[in-house]
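Colleague: I am new to this structure. Please take me through it and give the reason behind each label.

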Amino acid sequence: MALQILERYQDHPQCLYDGRLLPVLSNQKMNAYLKEIADVCGIEKPITFHIVRHTFATTVTLLNGVSMESVSKMLGHTSLRTTQQ
């Protein structure tokens, strides 16, 4: 499935221009999409990329037995200390 996603974006203009595997949205655009998803799901709390990232790290990974080292890498942290804060 991951390879299919990467193949889907291999010719995307932003990926080609920036030399990335996936297009990167601005923080503003990401937050707008998250608000839209929250509205559809009936979530009334404010949701931002920062909140989603923190929830992923704690609820989705750490509480399901993923190691702190793996979570740190997934979040793109260069130091394990950053993940632990």
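Modeller: One definition comes before the rest: the radius of gyration is taken over C-alpha atoms, and the globule rule is 2.2 Å times the number of residues to the power 0.38. The model is a predicted one.

Colleague: How does the radius of gyration of the chain stand against that of a compact globule of 85 residues?

Modeller: The rule puts a compact globule of 85 residues near 12 Å, but the chain has 15 Å. Along the principal axes, the C-alpha atoms fill a box of roughly 35 × 35 × 25 Å.

Colleague: What makes up the secondary structure of the chain?

Modeller: There are six helices and zero strands. The pattern read along the sequence is α-α-α-α-α-α.

Colleague: What share of the residues counts as buried?

Modeller: Of the 85 residues, 11% count as buried. The chain exposes about 7,200 Å², and carbon and sulfur atoms supply 58% of that area. As for contacts with a separation of 6 or more, 2% are accounted for by residues 24 or more positions apart.

Colleague: Why is Ala38 called buried or exposed?

Modeller: The cut-off for buried is under 20% relative accessible area. Ala38 has 4% relative accessibility, so Ala38 counts as buried. This residue lies in helix α3, residues 27-41.

Colleague: Which residues are in contact with Ala38, leaving aside its neighbours within four places in sequence?

Modeller: They are Ile43 and Ile47. Contact means heavy atoms within 4.5 Å. The C-alpha atoms of Ala38 and Gln4 are separated by 27 Å, and the two residues are 34 apart along the chain.

Colleague: Why is Val60 called buried, exposed or partly exposed?

Modeller: Partly exposed is the range between the buried cut-off, under 20%, and the exposed one, over 50%. Val60 has a relative accessible area of 46%, so Val60 is partly exposed. Its place is in helix α4. From Val60 to Val71 the distance is 10.0 Å, C-alpha to C-alpha, at eleven residues apart in sequence.

Colleague: Which residues of helix α5 are buried?

Modeller: Val71, Ser72 and Leu75 are buried in α5, which spans residues 68-75. Seen down the axis of α5, these buried residues fall within an arc of 100°, so they line one face of the helix. An α-helix has 3.6 residues a turn, so residues three or four places apart point the same way.

Colleague: What do the buried residues of α5 pack against?

Modeller: They pack against α4 (49-61) and α6 (80-84). After α5 comes Gly76, whose phi is positive, near 80°.

Colleague: How do you know that Ser72 is buried?

Modeller: Buried means under 20%. Ser72 has a relative accessible area of 5%, and therefore Ser72 is buried. Apart from neighbours within four places in sequence, Ser72 is in contact with His77, Ser79, Leu80 and Thr83. Ser72 and Ala57 are 15 residues apart along the chain, with their C-alpha atoms separated by 8.6 Å.

Colleague: How many charged side chains of each sign does the chain have, and how far apart do the centres of the two sets lie?

Modeller: There are 8 positive and 7 negative side chains, and the centres of the two sets lie 8 Å apart.

Methods
Residues are numbered from 1 along each chain as its sequence is written. This is a predicted model: local features need pLDDT of at least 70, side-chain atom pairs count only at pLDDT 80 or more; totals for chains, interfaces and linings use all residues. Side-chain values use heavy atoms; hydrogens and water are left out. Helices (H or I, at least four residues) and strands (E, at least two) are DSSP runs, numbered from the N terminus. Buried means under 20% relative accessible area, exposed over 50%, partly exposed in between (1.4 Å probe, protein chains only). Accessible areas come from the Shrake-Rupley method with a 1.4 Å probe; for residues, only the protein chains shown count as cover. Lys and Arg count as positive and Asp and Glu as negative; His and the chain ends are not counted. The place of a charge is taken as NZ of Lys, CZ of Arg, CG of Asp or CD of Glu. The arc is that of the directions from the helix axis to the C-beta atoms.
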